[in-house]
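Here is a relaxed walk through one structure, strand by strand. Have a look at it first, then read on.

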Amino acid sequence: MIEFHNVEKYFGDFHALKNINLTIDKGEVVVIIGPSGSGKSTLLRSINGLNTISSGKLVINNFDIADKKTNMNKIRRDVGMVFQHFNLYANKSVLENVTLGPRLVLKENEEQSKKEAMDLLDLVGLADKAESLPSMLSGGQEQRVAIARSLAMKPQALLFDEPTSALDPEMIGDVLDVMKKVAHEGMTMVVVTHEMGFAQEVANRLIFMADGEVLEDDDTKSFFAHPKEERARQFLSKII
Ligand code: ADP
Ligand code: MG
């Protein structure tokens with residue numbers, strides 16, 4: 001579903017992604033870890049076109065993103081993204097935040113979009129907050145609404161960029177529980193997080209990045225049991 005072939009990314013002279021080769025299959029849950037500045041966000045942002053790549057080939061859902069015929073709007077619709085800061089519309093209710101995309105982009109009617117949104121709010125445990133404004137929610141609740149909003153677009157894959165790192169510790173568990181549910185429903189997920197409990201429980205694979213490179217890409221069990229790279233081992237010992 002997502003293929004990187006010799007992908008390079010430069011910001012001016014700065015080499016942010018170095019020879020990235022990765023394949024992520026449909027239904028896989030992949031966790032990416034690595035020190036700050038190692039290129040994790042740049043890699044995620046490349047997948048839904050928030051970043052261009054400098055060279056190499058990136059194929060999403062069998063569409064080469066460099067091909068002029070590829071519809072990038074469709075790719076962005078098919079690949080949702082959940083950020084550290086959730087950016088809900090402050091002057092719209094929780095329900096409206098979730099129905100807006102489906103109404104405007106997927107051209108769903110009001111009744112259908114509301115029904116689907118309520119099902120999703122139920123999934124994230126916030127059906128009772130449908131009429132609230134985001135300002136009345138906790139950070140963890142806002143992030144759960146952001147996840148419902150992404151799911152409302154019926155994505156084929158969801159990218160998460162440190163979705164819990166801006167949250168108070170007591171809020172993190174509920175957000176991770178929602179992500180686990182989404183994973184168990186078969187969603188293809190690429191998650192940048194240092195929540196290793198989540199990784200151990202739901203990730204098929206763990207990727208360790210440093211200095212713009214993928215240094216290790218292994219199934220979760222092997223990674224935790226015996227990281228092959230010394231830097232991965234050191235990093236893991238710091239975050240566990
Ligand atoms: P991570 O998410 O692993 O912390 P990032 O992908 O955000 O790392 O950044 C990788 C490197 O690329 C950093 O050194 C960062 O400063 C640089 N970088 C990211 N985005 C830009 C940009 N738009 N312009 C210039 N440099 C950037
Ligand atoms: Mg980042």
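Val 30 stands opposite Arg 205 in strand S9. Val 30 belongs to S3, and S9 covers residues 205-210; the two strands run parallel and are joined by four bridges. On to another partner: S3 is also joined by four bridges to S8 (residues 188-192), again in parallel, and there Ile 32 stands opposite Val 192. Strands here are DSSP runs of E with at least two residues, helices are runs of H or I with at least four, and both are numbered from the N terminus. Two strands pair if DSSP finds at least two bridges between them.

A word on the model itself: it is predicted, so local features need pLDDT of at least 70 and side-chain atom pairs count only at pLDDT 80 or more, while totals for chains, interfaces and linings use all residues. Residues are numbered from 1 along each chain as its sequence is written, and chains are lettered from A and ligands numbered from 1 in the order in which they are written.

Is S3 (residues 29-33) enclosed or open? Five of its five residues are buried, so S3 is largely enclosed by the rest of the structure. Buried means 20 or more other C-beta atoms within 10 Å of the residue's own, exposed means 12 or fewer, and partly exposed is in between, with C-beta atoms placed from the backbone. Val 29, Val 31 and Ile 33 point one way, and Val 30 and Ile 32 the other.

Here are the S3 pairings side by side.

| Partner strand | Bridges to S3 | Sense |
|---|---|---|
| S8 (residues 188-192) | four bridges | parallel |
| S9 (residues 205-210) | four bridges | parallel |

Elsewhere, four strands make an open antiparallel sheet in the order S2-S1-S4-S5. S2 and S5 (63-64) sit at the edges with a single partner strand each, so one side of each has no neighbour in the sheet. S5 pairs with S4 (residues 55-60) over two bridges, and Asp 64 in S5 is the bridge partner of Val 59. Asp 64 counts as partly exposed because it has 14 C-beta neighbours inside 10 Å.

Finally, what surrounds ligand 1? Among the residues around it are Phe 11, Gly 34 and Lys 40, where "around" means a C-beta atom, placed from the backbone, within 6 Å. Strand S2 (14-24) and helix H1 (40-47) each give two or more residues to this shell, with H1 giving the most, three residues.
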